[in-house]
Amino acid sequence: MLHHYWSEFLGLAVIHFLAVVAPGPDFAVTIRQSVRFGRWAGICTAVGIGAGISVHVIYTLVGISALMHTTPWLMELAKLVGGIYIIWIGINFIRSKPADPTALEAEGGGQVLQSRWKAFLMGFMTNATNPKATLFFLAVFTTVVSSNTPISVQIIYGVWMCVVNALWFVLVSIVFSNFMIRQKFIQKGYWFERVMGLILIGFAIRLLFISV
């Protein structure tokens, strides 16, 4: 049955991948987690981001996205909550202080800088509350995906998106948790975090004023 929907799937996959690789809150958080807390924190954050996509998939499949699309105040509320959360993350980034210069050696000695669960939750919440993701799913599942596409096929689409998101940000975390890269960021990385914080706040404010 799936082969009947290959053209639809390919269109969805290409649009989704382009949206994933475009820098946004997920990208900023993954880099920050990888640089400050190491590879496993970055990977767990990436997996959390992939899992966060499932929230958007679920509310799309059960029809809440259609309700939000036809109920402006509900969409505005979702954008407000997500925007506030991203702004909160941005403020925390701006308040970043210089990292301990012995962090890398301490990590090598077995010190846990951040729990994997906390890293996962950071990634999950960043994506699940991202207004950009909400707008993306509203647009894609009302234009690219046909209303006649079976729910079982749409579930496969959703699983694919979750996996692709997770794999992409795992790759990002591996790159930015490289010892040499981290060593450079540990020295002056807090300035990078502050800049990323400003970008996140600007991103959230811009999304909050996008008309739906």
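**Exercise 1. Decide whether C44 and C162 are buried or exposed, and state how many disulfides the structure holds.**

Step 1. C44 has a relative accessible area of 13%. Buried means under 20%, so C44 is buried.

Step 2. The value for C162 is 16%. This is also under the 20% limit, so C162 is buried.

Step 3. The model, which is predicted, holds zero disulfides.

**Exercise 2. Describe the chain as a whole: its helices and strands, its buried share and its surface.**

Step 1. The chain has ten helices and zero strands. Read along the sequence, the pattern is α-α-α-α-α-α-α-α-α-α.

Step 2. Of the 212 residues in the chain, 47% are buried.

Step 3. The accessible surface is about 10900 Å², and carbon and sulfur atoms account for 73% of that surface.

Step 4. Among contacts with a separation of 6 or more, 90% join residues 24 or more positions apart.

**Exercise 3. Find which residues the UniProt annotation "transmembrane region" covers, and examine the spans 6-28 and 157-179 in the model.**

Step 1. According to the unreviewed UniProt entry, the annotation covers residues 6-28, 40-67, 73-94, 133-151, 157-179 and 191-210.

Step 2. Residues 6-28 are 87% helix and 0% strand, and their end C-alpha atoms lie 32 Å apart.

Step 3. Residues 157-179 are 91% helix and 0% strand, with end C-alpha atoms 36 Å apart.

**Exercise 4. Check the span of helix α2 (residues 25-37), then describe its cover and what follows the helix.**

Step 1. Helix α2 has 13 residues, and at 1.5 Å a residue the expected span is 18 Å. The expected span uses one less than the number of residues.

Step 2. The end C-alpha atoms of α2 are 17 Å apart, which agrees with the expected span.

Step 3. In α2, 13 of 13 residues are buried, so the helix is mostly covered.

Step 4. After α2 comes G38, which has a positive phi near 105 degrees.

**Exercise 5. Place S34 in the structure and list what S34 is in contact with.**

Step 1. S34 is found in helix α2.

Step 2. The relative accessible area of S34 is 0%, so S34 is buried.

Step 3. Setting aside neighbours within four places in sequence, S34 is in contact with R39, G42, S173, F176, S177 and R182.

**Exercise 6. Locate Q114 and work out which residues Q114 is in contact with.**

Step 1. Q114 sits in the loop between α6 (103-108) and α7 (116-128).

Step 2. Q114 is buried, because its relative accessible area is 13%.

Step 3. Beyond neighbours within four places in sequence, Q114 is in contact with Q33, F37, A41 and A119.

Step 4. Q114 and F37 are 77 residues apart along the chain, yet their C-alpha atoms are separated by 6.4 Å.

**Exercise 7. Describe the largest nonpolar core and name the elements that give two or more residues to this core.**

Step 1. The largest nonpolar core has 15 residues. Those with the most contacts inside this core are L12, I53, F137, F141, Y157 and M161.

Step 2. The elements giving two or more residues to the core are α1 (6-21), α3 (39-61), α8 (131-143) and α9 (151-176).

Step 3. A second, separate core has ten residues, including I31, A46, V170 and V172.

Step 4. Returning to F141, this residue touches T60, Q154 and M161, not counting residues up to four places away in sequence.

Conventions. Residues are numbered from 1 along each chain as its sequence is written. This is a predicted model: local features need pLDDT of at least 70, side-chain atom pairs count only at pLDDT 80 or more; totals for chains, interfaces and linings use all residues. Side-chain values use heavy atoms; hydrogens and water are left out. UniProt positions are given in the numbering used here, feature names are shortened, and annotations may be inferred rather than shown by experiment. Helices (H or I, at least four residues) and strands (E, at least two) are DSSP runs, numbered from the N terminus. Buried means under 20% relative accessible area, exposed over 50%, partly exposed in between (1.4 Å probe, protein chains only). A nonpolar core is a set of buried Ala, Val, Leu, Ile, Met, Phe, Trp, Tyr and Cys residues joined through side-chain atoms within 4.5 Å. Contact means heavy atoms within 4.5 Å. A disulfide is a pair of cysteine sulfur atoms within 2.5 Å. Accessible areas come from the Shrake-Rupley method with a 1.4 Å probe; for residues, only the protein chains shown count as cover.
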